Amino acid sequence: MTENTHVIKSGKEKKSFGAWASDNSMWVILIGLIVIMCIATLIKGGAFFLTYTNISNIFQSEVGPGLLAMGVMFVIISKGIDLSMGSVVSLASVISGAFAQDVAYSARIFKSGLVVHGFIALIIGLAVGCIVGLINGSLVAYTKIHPFIATLGTMSAGRGFALLFTQGNPVSQLNKDFTQFGATNYLGGKLHSNVLIFILIALIAWFILNQTRFGRNIYAIGGNQEAARVAGVKVEKNLVAIYAWCGTMCGLAAVLTAGRTGSANPTLGLNWELDGIAAATIGGISQNGGVGKVSGCIAGILILGILKSALIYLGVSSYYQEIVKGIIIVVAVVLDNRKMMGKQA
Amino acid sequence: MGEYVLEMLNVSKAFPGVQALDGVTLRVRPGSVHALMGENGAGKSTLMKCLIGINSMDEGTIILRGEEVNFPDTITALNSGVSMIHQELNPIPLRSISDNLWVGREPRKGKFVLDKKKMYEDSKALLAQVGMDDDPEVLVGTLTVAKQQMIEIAKAVSYDADVIIMDEPTSSLTDSETDKLFEIIRRLRDEGKAIIYISHKMDEIFEICDEATVFRDGKYVGTDFIKNLTTESLIKMMVGRELDAMFPKIDCEIGEPILKVENLSSPGWFADVSFELHRGEILGFAGLVGAGRTEVMETIFGMREKSGGSIYKDGEELDITCPSDAIDNKIGMLTEDRRKTGIVPVSSVLDNISIANIKSYVGPAHVLNHKKMSEEAAEYGSKLSIKTPTWKTPIASLSGGNQQKVLVARWLLTDPDVLIVDEPTRGIDVGAKSEIHSIITNLAAEGKGIIMISSEMPEVMGMADRIIVMHEGRMTGIVDRKDFTQEHIMELAALPTEKVR
């Protein structure tokens, strides 16, 4: 080219607030939502909405779907989808729970009545999730079937295994060394163990996506799988790892939730995959692949959580929740698409 | 109607951060072929998109057959007699040719029921018009790119438009198909239609066009009859300066063999391909579209499975099963289809440069050394003078030439011993083209081995030390630089004579 006067600006540029808001529209929505809820509760004359207890409760109740969102976000960035998450939660919870019961209970499931330490049961839960993830990933990577179909299959089979394994009964009376992961309070009840674990996972997810080769590969595969392959990315191996991460997150969600509620249940996690996918989607993680940030995903989780509890707080019928959730999902994606169109013009 | 069928006056269009068009003017006569020229980013495509209603203009007037118009969408434009053949094909691969031809305006019996018979027969007639005898029931996805292109052309013709815009229509056509296209263009012209012809290929402009309008950086430079112009004067108008020699061949020492291919085969695609590549050599591959050149290279690079034969590098046999194996063995490949196998559109320029070399930046505990990665990527980006607002800009918003330079930078960063370039300058402007040519020549001068596939005869003849010619999956000859003539190479490419070696 003749002139290269306006060629390169390296390093960081200062961004205006407008640019930040357009890049992080979900955080704007979140803040707006909080402000609206605060005003609404004040008008209604109830107690102030934005209290520590409230926020902490929201966090706690959203840890399960939140972990699924952290998992499925990798999958969606790679232009895939995982419908099996809710089933994996139930399967991992009943299997790990069965190892963490008093002998009398576990004998119902294991004739020998094997009981292990809670930590080993946790590892078993993660392993169950990871294995289903590996199956999902292998199906997607090597048989080339669409991830929607592959995970639809494991979704159905996973739930079936959980019901078969427990004969439809809940696995209760879990040992304390197992429930501690999901039900320990620190700082006099101010900090909850599962919230702490969620924050840790969010940091790990951020680290993987931004600081490792694996993370860069995920974006490249989602952005253009064939181009990634030509550039030396081992697409199949990466896909397997992506689904394995997602499955492992389901396993973790299973253990924490079983711990928090005190029992594992073959119906646990029903429809959670949809909540996880919804949170990631609201958080700006595009089904077209190749884009998405952990911060956005967290905003998505919080938007759904705050919406849910705020509506309850305001005494709105729970039937409305689903309607409002549906509207928010669609609006968030419409806004996001408009932003993308603006960039490409 | 007056002298012109179409006048676009003082058209301006701004995109965020770019003034794409700045008061440009285009006047097209009926019954003539009008070349619209300029480097990539000059605003040709934007002007055409304003005309057919894909973009809306900020200012300006469009006068079609004496009446002012401003089309809100392409359908209105089509119905008013303006059709466009886009550079990027958008076929529906899993539908038949006739479905593709008539999509959105299928002939019907009554209101709902398709008239399949009429559709079939009309398709047959239309295909015959563009010199194709394929069955209209064949799925478009099974056709070659060239045939898909001809179908686009047939579709545009079928609208019976007064103004037909052709954006790089020959970029995937062979010479004989191009001749066929030119026949169609001449016939349309003689019927009184106006054709706006966008192309980077000078010889085509001089062969088919009557008049040319040149833009540069979104501004109008001038309009003149082709008979008053020369290649040099046109290029000067386009780039605003004399262009350095288009093919800056540096004579350099041809060293020892670096890559050796023996009896490489892949049933249905190619057979018995054997050659040696030396250090410092540019080995050209010529042939018609479909001769199997790309498939040979994809096999060497691990994108396809090989069924027979062996590949040696520096005397050692390689076992390459995927591109990452090839990259580990210091082989790079700039692929033919930039969109499909090149760019990761939503990712930044920086990520697009560093992706193939990312393993070099993995530090302890798998943490990427971001600083080193951005610095080196930016260094190569600057070296190739890539024009981008920032390094973080998504590559999709760059012009084709700049995208291609990003991909070249990607491979340079891996420091390959062997670089395969497949149609390295397809669809990019003259300036970027000459830059890419000199990058390739310099790489050879540094002692790397280069394999270059090109369908542009002047390019491959200007750059290569030797040319291997292929026809229908077989090598038909190896020509040394001193024996290069277009006739000789074309003969080998077109006629399956006895194997020369």
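User: What makes Asp417(B) and Lys313(B) a salt bridge?

Analyst: This is a predicted model, and in it the side chains of Asp417(B) and Lys313(B) come to 3.0 Å, N to O. The cut-off is 4 Å between a side-chain nitrogen of Lys or Arg and a carboxyl oxygen of Asp or Glu. At 3.0 Å the pair falls within that limit, so it counts. As background, side chains of opposite charge can pair when their charged atoms come close.

User: Where do Asp417(B) and Lys313(B) lie, and what does the pair tie together?

Analyst: Asp417(B) lies in the loop between helix 14 (400–413) and strand 19 (418–422) of chain B, while Lys313(B) is in strand 16 (residues 308–313), so the pair ties together parts that are 104 residues apart in sequence.

User: Why is Asp417(B) called buried? And how do you know which label Lys313(B) gets?

Analyst: Buried means under 20% relative accessible area. Asp417(B) has 18%, so it makes the cut. Lys313(B) has 9%, so it counts as buried too.

User: Which residues do salt bridges with shared partners join to Asp417(B) and Lys313(B)?

Analyst: Glu256(B), Arg279(B) and Asp314(B) belong to one network with Lys313(B) and Asp417(B).

User: What makes Glu435(B) and Lys405(B) a salt bridge?

Analyst: Same kind of check: their N to O distance is 3.2 Å, and the limit is 4 Å, so they qualify. The pair links distant parts of the chain, with Glu435(B) in helix 15 (residues 430–445) of chain B and Lys405(B) in helix 14, 30 residues apart.

User: Are Glu435(B) and Lys405(B) buried or exposed?

Analyst: Glu435(B) has 16% relative accessibility, so with the line drawn at under 20% it is buried. Lys405(B) has 0%, so it is buried as well.

User: What about chain A: how do you know that Asp275(A) forms a salt bridge with Lys325(A)?

Analyst: The closest N and O atoms of Asp275(A) and Lys325(A) are 2.8 Å apart, which is within 4 Å, so the pair counts. Asp275(A) sits in helix 13 (residues 272–282) and Lys325(A) in helix 15 (residues 318–344) of chain A, 50 residues apart. Asp275(A) has 16% relative accessibility and counts as buried, and Lys325(A), with 17%, counts as buried too. Over all chains, the structure holds 33 salt bridges.

User: Why is Asp102(A) called partly exposed?

Analyst: Partly exposed covers the range between the buried limit, under 20%, and the exposed limit, over 50%. Asp102(A) has 40%, so it lands in between. You'll find Asp102(A) in the loop between helix 4 (85–98) and helix 5 (103–109) of chain A.

User: What makes Asp175(B), Asp179(B), Glu183(B) and Asp203(B) a patch, and of which charge?

Analyst: They gather in a patch of negative charge on the surface. Patch members need over 30% relative accessible area and no salt bridge, and like charges are joined within 9 Å. Take Asp175(B): it has 42%, so it clears the 30% bar and counts as partly exposed. Asp175(B) is found in helix 6 of chain B, and that helix (residues 175–190) gives the most to the patch, with three residues.

User: How do you know that chain B agrees with a compact globule?

Analyst: Compare two values: for 501 residues, a compact globule would have a radius of gyration near 23 Å, and chain B has 24 Å, so the two agree. The C-alpha trace of chain B spans about 70 × 50 × 50 Å along its principal axes. Chain B has 17 helices and 22 strands, and 56% of its 501 residues count as buried.

Technical notes. Residues are numbered from 1 along each chain as its sequence is written. Chains are lettered from A and ligands numbered from 1 in the order in which they are written. This is a predicted model: local features need pLDDT of at least 70, side-chain atom pairs count only at pLDDT 80 or more; totals for chains, interfaces and linings use all residues. Side-chain values use heavy atoms; hydrogens and water are left out. Patches are made of residues with over 30% relative accessible area and no salt bridge: like charges are joined within 9 Å, nonpolar side chains (Val, Leu, Ile, Met, Phe, Trp, Tyr) within 5 Å. Accessible areas come from the Shrake-Rupley method with a 1.4 Å probe; for residues, only the protein chains shown count as cover. Lys and Arg count as positive and Asp and Glu as negative; His and the chain ends are not counted. The place of a charge is taken as NZ of Lys, CZ of Arg, CG of Asp or CD of Glu. Helices (H or I, at least four residues) and strands (E, at least two) are DSSP runs, numbered from the N terminus. Buried means under 20% relative accessible area, exposed over 50%, partly exposed in between (1.4 Å probe, protein chains only). The radius of gyration is taken over C-alpha atoms; the globule rule is 2.2 Å times the number of residues to the power 0.38.
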